[in-house]
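Please open the model in the viewer and keep the sequence panel at hand. The tour below proceeds by selection, from single residues to helix pairs.

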Amino acid sequence: MMAGKHIEGIDFSRQALMLEQATATVHKMIQQLHAMEALEKIKELNGRLAEKLFDSAEQYVKLGYHRSAGYYFDFVIQQYHDSPFAEPAYVGKIRSLITRRRFDEAREEISKFLERYPETSLRGEVEGLRP
C-alpha cells in the first residue's frame, strides 16, 4: 500500500489503488513471460533429446540390432510424439519389424501410423512397406 494518500487535502486513494493493481498486473505478466520462455526452452531441449534418441535408433539399425532400434524408435514415438522425429521413428520401427520378420506387428503399426498421421508426407513410403 502506498503511504500518504492525501496531499494538501486531496484524496488520491483511488489513484493509489489503481496504481497498485496495475503494478500487480505487470508483475503477473512478467512471471507469465518467464514461464513461457521456460516452456520454449523445455520444448527445444525435448526436441534435441528426441533427435539424439532417434539417431541412436538409426545407429542400431546400421549395426544390425533391429530389436534395440525398435525400442528406441518406440520410445521416441511414445515420449516425443509432438517432435518432428515421431513420424520418421514410426517408419523406422515398421522397417525394423519387417527386417525381424514380424509382419503382423508391422501391418498393425502401419495402420496405427496412417490413422495417427493421415496427412503425412510419408504416407506413400509407409504404404509401400506393407508386407
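Begin by selecting His66 and displaying its surroundings in this predicted model. Beyond residues up to four places away in sequence, His66 touches Tyr60, Val61, Ser96, Thr99 and Arg100. The residue itself belongs to helix 2. Is His66 buried or exposed? Its relative accessible area is 16%, so His66 is buried, the limit being under 20%.

Next, select Ala69, which also lies in helix 2. Ala69 counts as buried, at 0% relative accessibility. With neighbours within four places in sequence set aside, its contacts are Ala57, Tyr60, Val61 and Ser96. Now add Glu37 to the selection and draw the C-alpha to C-alpha distance: Ala69 and Glu37 are 34 Å apart in space, with their positions 32 residues apart in sequence.

Now colour helix 1 (13-63) and helix 2 (66-79) separately. Their axes come within 8 Å and cross at roughly 160°. This angle makes helix 1 roughly antiparallel to helix 2, because angles over 145 degrees are classed in that way. The crossing of the two helices is left-handed. To display the contact, select Ala50, Leu53, Phe54, Ser56, Ala57, Glu58, Tyr60 and Val61 on helix 1, together with His66, Ser68, Ala69, Tyr72, Phe73, Phe75 and Val76 on helix 2. Coloured by class, this contact comprises 11 nonpolar, 3 polar and 1 charged residues.

Keep helix 1 selected and view it along its length. Helix 1 has 51 residues, and 75 Å separates its first C-alpha from its last, close to the 75 Å expected at 1.5 Å a residue. Which residues of helix 1 are buried? They are Ala16, Gly47, Ala50, Leu53, Phe54 and Ala57. The cover over these buried residues includes helix 2 and helix 3. Just after helix 1, stop at Gly64, which takes a positive phi of about 85°.

Move on to helix 3 (residues 86-99). Its 14 residues should span 20 Å at 1.5 Å a residue, and its end C-alpha atoms are 20 Å apart, in agreement with that expectation. Select Ala86, Ala89, Tyr90, Val91, Gly92, Lys93, Ile94, Ser96 and Leu97, which are buried in helix 3. To see what covers them, show helix 1, helix 2, helix 4 and helix 5 (123-127), which are included in that cover. Ser96, buried in helix 3, has already appeared among the contacts of His66 and of Ala69. Just after helix 3, Arg101 takes a positive phi of about 65°.

For the final stop, display helix 3 with helix 4 (residues 103-116). The two axes come within 8 Å and cross at roughly 165°. Helix 3 is therefore roughly antiparallel to helix 4. Helix 3 passes helix 4 in a left-handed crossing. Which residues meet here? From helix 3, select Glu87, Tyr90, Lys93, Ile94, Leu97 and Ile98; from helix 4, select Phe103, Glu105, Ala106, Glu109, Ile110, Lys112, Phe113 and Arg116. By class, the residues of this contact divide into 8 nonpolar, no polar and 6 charged. Within the selection, Tyr90, Lys93, Ile94 and Leu97 of helix 3 are among the buried residues shown at the previous stop.

How values were computed:
Residues are numbered from 1 along each chain as its sequence is written. This is a predicted model: local features need pLDDT of at least 70, side-chain atom pairs count only at pLDDT 80 or more; totals for chains, interfaces and linings use all residues. Side-chain values use heavy atoms; hydrogens and water are left out. Axes are lines fitted to C-alpha atoms, for helices over the stretch in contact, and angles run from 0 to 180 degrees between N-to-C directions. Helices (H or I, at least four residues) and strands (E, at least two) are DSSP runs, numbered from the N terminus. Angles under 35 degrees count as roughly parallel, over 145 as roughly antiparallel, 65 to 115 as roughly perpendicular and the rest as oblique. A crossing is left-handed if the near helix is turned anticlockwise from the far one by less than a right angle, and right-handed if clockwise. Contact means heavy atoms within 4.5 Å. Ala, Val, Leu, Ile, Met, Phe, Trp, Tyr, Cys and Pro count as nonpolar, Asp, Glu, Lys and Arg as charged, and the others, Gly among them, as polar. The expected span of a helix is 1.5 Å times one less than its number of residues. Buried means under 20% relative accessible area, exposed over 50%, partly exposed in between (1.4 Å probe, protein chains only).
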